[in-house]
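Me: I'd like to learn how to read a model like this one. Can you walk me through it, starting with the whole chain and then going to the odd spots in the backbone?

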Amino acid sequence: MQSPGAQDNVSVSQGVRMMFYLMKPSETAFPTVEEVPDYVKKATPFFISLILLELATSWILKGKPPGRLDDILTSMSAGVVSRLPSLFFRSLEVTSYIYIWENYRLVDLPWDSPWTWYLTFLGVDFGYYWFHRMAHEINIIWAAHQAHHSSEDYNLSTALRQSVLQQYSSWIFYSPLALFIPPPVFAVHIQFNLLYQFWIHTEVVRSLGPLELILNTPSHHRVHHGRNRYCIDKNYAGTLIIWDRMFGTFEAENERVVYGLTHPIDTFEPFKVQFHHLLYIWNTFWATPGFFHKFSVLFKGPGWGPGKPRLGLSEEIPEVTGQEVPLSSAASQLLKMYTVLQFAVMLAFYEETFANAESPGSRRGNSPLLDVPNPAQIWPFEASGPIFIICIRDFLFCLHCFLGSKKHETTHRWLLEVAQLQTALLVLSVIHGRSLLQKERCLTYCLQELLS
């Protein structure tokens, strides 16, 4: 059992172990959701450390980095964008869970029992398997999940390429657990299940021997990310591969895996990566005749069409030749380095903004998982919020212009970008230690800059 203040004390040892689901029940048992740490937020330095370790290992073993800079930046930007709703809205997975628990639970299992902990481990992983499987078999859910599969590289940054929309469907598959599993136990495992899946996005680790029989491993998950025909709709596991073995969706890695979507989107533009399939569904829905066919466009597989099976025809999946060339940006190395600079600045404000959002004075309550940051409390008093929004706007603009399919490499664009970057840095330096009135004036300026 943890003390009320324990949520602020995740040690380095615990940080490493939480990335591999090696935390013990005794150190992750909390009586209330308010005391459960935001493990995902605290994992940021471990994400970066493991990415750097993968980079060094790949250079040593293969003589090259594990991925391309433009693809890595796109993946990491998707990870940041996927976290933005938490600045304004409650965690839907946890709040819906609590609502069901408080109104419909059947039994009260003890929150501090190791048996409850291990049962929740299995229950969350089982729920994730079915959510993940439906995310590939139901077109409207795939519209969110496809963002994660759009990378043509496979490295740890790919794990961060998350959808901003995915949580709005995943909560459904965990709801049955709320009939008997206490919310704080669920809140711990929903995070650990996600964190475990970070390290399996790598080509550096080839095989884990006998553990391949039980655990989801890099080898198994490489198959899941492949666009080879033998890889399609396989290996949905989160932590345990036993679910795929039980339900007939397991496939071992054999021939070389080619990564990405079966029909690559050929862009690094962040908004197209997130939302292009929604536009495809919209157009297909209106072009398809008949009510039931329109319904099928939404709720059958992405490959479905009139007269086809629910999940489409496997022979329509393009053959992999092994000669596929991943998309590469035509931007110069200088432009790419400038985009890296924009990302670094944005990431610094990202950390500060989320830290402010989690501070007790910025919340209506005390839970880092439940409470909504109050913009009226945070932004007039903290510089990081509006400046972060400006910085992420500038960074996404860089990705759109320099790494996307459009060409905007003009002197005016460069001057605009440099001016916006300098503005953000200047505002941060000026606002520090100033009076409330000065901060409010700065906020007004930032918002005007944001809307310009």
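Me: What percentage of the 452 residues in the chain is buried?

Reply: Keep in mind that this is a predicted model. Buried residues come to 53% of the chain's 452 residues.

Me: And how many helices and strands does the secondary structure have?

Reply: You'll count 19 helices and zero strands.

Me: What share of the contacts with a separation of 6 or more comes from residues 24 or more positions apart?

Reply: That share is 77%.

Me: How about the accessible surface of the chain: what does it come to, and what part belongs to carbon and sulfur atoms?

Reply: The total is about 20800 Å², with 66% of it belonging to carbon and sulfur atoms.

Me: Now the backbone. How do I read the sign of phi?

Reply: The general idea is that most residues other than glycine have a negative phi. Here, Asp233 isn't a glycine, yet its phi is positive, about 60°. Asp266, also not a glycine, has a positive phi of about 55°.

Me: Where is Asp233 found?

Reply: Look in the loop between α11 (218-224) and α12 (242-247).

Me: And which loop holds Asp266?

Reply: Asp266 sits in the loop between α12 and α13 (270-287).

Me: Why does Asp233 count as partly exposed?

Reply: Partly exposed is the range between the buried cut-off, under 20%, and the exposed one, over 50%. Asp233 has 25% relative accessibility, so it counts as partly exposed. Asp266 gets that label too, because its relative accessibility is 47%.

Technical notes. Residues numbered from 1 in each chain as written. Predicted model: local features only at pLDDT ≥ 70, side-chain atom pairs only at ≥ 80, totals over all residues. Heavy atoms only, no water. Helix = DSSP H or I, 4+ residues; strand = E, 2+ residues; numbered from the N terminus. Buried < 20%, exposed > 50% of the residue type's maximum accessible area, 1.4 Å probe, protein only. Contact = heavy atoms within 4.5 Å. Areas by Shrake-Rupley, 256 points an atom, 1.4 Å probe, with all protein chains shown as cover.
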